[in-house]
Amino acid sequence: MASLTDHLTDLVADVDAALLFSPTSSFYERFADDEVEVVVVAPDNDVDAETFVELPLPFDNVKDRIRFGIEGAIDEDLLAEGDEVACVASVFDGGSDALVRVTVDEGIHTGIFDLFANSRAEPSVIRDVFEVAIELGKKGQKGKPVGALFVVGDAGKVMNKSRPLSYNPFEKSHVHVGDPIVNVMLKEFSRLDGAFVVSDSGKIVSAYRYLEPAAEGVDIPKGLGARHMSGAAITRDTNSTAIVLSESDGLVRAFKAGELVLEIDPEEY
Amino acid sequence: MSAAQITVPEFLANVPYRIWLALGVLLFGLLLAYLTGVINRRLLRRAGVPEVIEGTAFERTAREFDTSTVRILARLSSYFILAVTVIVALTVADVNYLEQFWSGVAAFLPRLFVAVVVFIVGIVVGDKAELLVAERLRGIKLPELGVLPTLVKYSVVYVAALIALGQVGVQTLALIVLLAAYAFALVLFAALATKDLVASAAAGVFLLLRQPYGIGDEVRVAGERGIVQEVDLFVTHIETDGEEHVVPNHAVFREGIVLIRG
């Protein structure tokens, strides 16, 4: 046992900050008079922490969760490059059961925080679209994988850089991505070709849009098809964010400013 | 000893029939009071009252005295029934002295009971309203808004106190005048402050229902030309190169809309 305890002591030796992921308030209070800087990363600031980073998605993948927390803390100038951070998180259901030591460096920066916090659209809207895309990726249509392309934010400009493929089923409707009805409509969604355009506040503006951005010089990983290409290109031409569900490999990817920022496997959620 | 044994049944036989009846009424009343207390407590619990009022100041004070609001209310109904029973029993037993007094009490008791219940409910509702408003405002870190929850609480308590005082027959005219003046000021201020918002919302309903322009259209409204980015109940967002104009909907409506095609 001694070596285990020693290892734990080594893990937390001279850390600059402690990141607590969704702590309970009694757990948080135990850190109250600790000299280490404490940053709380959670969906809501239930514990009234002074330094708090909002977690828009639950991020089942602990790596993504930690990345998000660290990037958020960097963004709020709580952490700097080179800092040593101890992260207390929950890997399985239940309380905080894991301790991870991370060195803040360039490699940890994936833009995942940027995607939510600094997008034109509201973070909750991006999260909702993610959830819709993930749900769609899980279900597919009649067991077959489907693809989908959502362009979120800056809808006015996106509409002017695209044209309709068919009648817009969302004309004069007021459906928002967070609405419960969207989950019911998911199956129908997968049949529609073209892109979905979602406004900053989450209103589904249009389906069946054919995007016409200038695609020269857009650099996306090889092997991704036309859907990803047009999604990435429109985010470079406008201030929008593209969330793409791939038909071929079933992954959900997010593009911003023409670059891939996040890749999620729906099966992990 | 034998004399005493004889006198007890004799004494019992001599007790007037009315007294027996009164005792019976009293016993029945006790039982009823107890049952009412238990049933009331259960009903209030079942209705989820303890969860709803949890955390209110009244409940916390009650907890300090090792009781709870629900228990107090249940007790109150028990005592009320008990008091009525005692009066009925006294009447049945034909206790003549102070008859005037008892009849006055009998008439007054239900009103007092209602007054106390109204007052307690008023305090609890006021506390709850304060909590709700405070919770709503917690996201907005503006110290000036701190008086709002207290204001809401005391308004509710004030009205409850008015009703309670009215029940027990206290002259409340002056207090009612005060309340009317307060309500009038509140309505006036609200109307003045939200005039534009209400007008915008009315125009916004039209814009959302009829959609004379949608997201992506190029328009000129209220002197600003650009692409519509967002239409909601109160405002329309219009964007030109790098500039986003947030135009209140009543201005859109008043000055008309120019749709630019081409």
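**Figure 1. Gln211(B), a partly exposed residue with 15 C-beta neighbours inside 10 Å.** Welcome to this predicted model; we start in a loop of chain B. Gln211(B) sits between helix H9 (195-210) and strand E1 (218-221) of that chain. Its phi is positive, at about 45°, although Gln211(B) is not a glycine. For context, most residues other than glycine have a negative phi.

**Figure 2. Lys172(A), a loop residue with a positive phi of about 60°.** Here we move to chain A, where Lys172(A) lies in the loop between strand E7 (162-164) and helix H7 (180-189). Like the residue in the previous view, Lys172(A) is not a glycine. Is Lys172(A) buried or exposed? With 10 other C-beta atoms within 10 Å, Lys172(A) is exposed, because the cut-off for that class is 12 or fewer.

**Figure 3. The open sheet of chain A, with 5 strands in the order E3-E2-E1-E4-E5.** Pairing in this sheet is mixed. Which strands stand at the edges? They are E3 (52-54) and E5 (98-103) of chain A; each has a single partner strand, so one side of each is left without a neighbour in the sheet. From one strand to the next, the twist averages 20°. Look also at E1 (residues 17-21) and E2 (residues 37-42) of chain A, which pair in the parallel sense over 5 bridges. Phe21(A) has Val41(A) in E2(A) as its bridge partner.

**Figure 4. Helix H3 (residues 62-75) of chain A, lying across E1, E2, E3, E4 and E5 of that chain.** The helix runs at about 130° to strand E4(A). Its 14 residues should span 20 Å at 1.5 Å a residue, and the end C-alpha atoms of H3(A) are indeed 20 Å apart. Buried residues of H3(A) include Arg65(A), Arg67(A) and Glu71(A), as well as Ile66(A), Phe68(A) and Ile70(A). The buried residues of this helix pack against E1, E2, E3, E4, E5 and helix H4 (112-117) of chain A. Just beyond H3(A), Asp77(A) takes a positive phi of about 60°.

**Figure 5. The largest nonpolar core, a set of 79 residues.** Leu19(A), Val129(A), Ala133(A), Phe150(A), Val151(A), Val198(A) and Ile243(A) touch the most other members. Which helix gives the largest share of this core? That is H5 (residues 123-139) of chain A, with 8 residues. A second, separate core has 8 residues, among them Ile53(B), Ile123(B), Val124(B) and Val156(B). Zooming in on Val151(A), and leaving aside neighbours within four places in sequence, we find contacts that include Val158(A), Phe196(A), Val198(A), Ile234(A) and Ala242(A).

**Figure 6. Helix H5(A), with 17 residues reaching 24 Å from the first C-alpha to the last.** That reach is close to the 24 Å expected at 1.5 Å a residue. Among the buried residues of H5(A) are Val125(A), Arg127(A), Asp128(A), Val129(A), Ala133(A) and Leu136(A). Just after the helix, Gly140(A) takes a positive phi of about 65°.

**Figure 7. Residues 19-39 and 172-193 of chain B, two of the spans that an unreviewed UniProt entry lists under "transmembrane region".** Also in that list are residues 72-93, 105-125 and 145-166 of chain B. Residues 19-39 are 100% helix and 0% strand, with their end C-alpha atoms 30 Å apart. Over residues 172-193, chain B is 95% helix and 0% strand, and the end C-alpha atoms lie 31 Å apart.

Key: Residues numbered from 1 in each chain as written. Chains lettered and ligands numbered in written order. Predicted model: local features only at pLDDT ≥ 70, side-chain atom pairs only at ≥ 80, totals over all residues. UniProt positions renumbered as here; feature names shortened; annotations may be inferred. Helix = DSSP H or I, 4+ residues; strand = E, 2+ residues; numbered from the N terminus. Core = buried A, V, L, I, M, F, W, Y, C linked by C-beta atoms within 7 Å. Buried ≥ 20, exposed ≤ 12 C-beta atoms within 10 Å, placed from the backbone. Contact = placed C-beta atoms within 7 Å. Pairing = 2+ DSSP bridges. Axes fitted to C-alpha atoms, helices over the stretch in contact; angles between N-to-C directions. Expected span 1.5 Å × (residues − 1).
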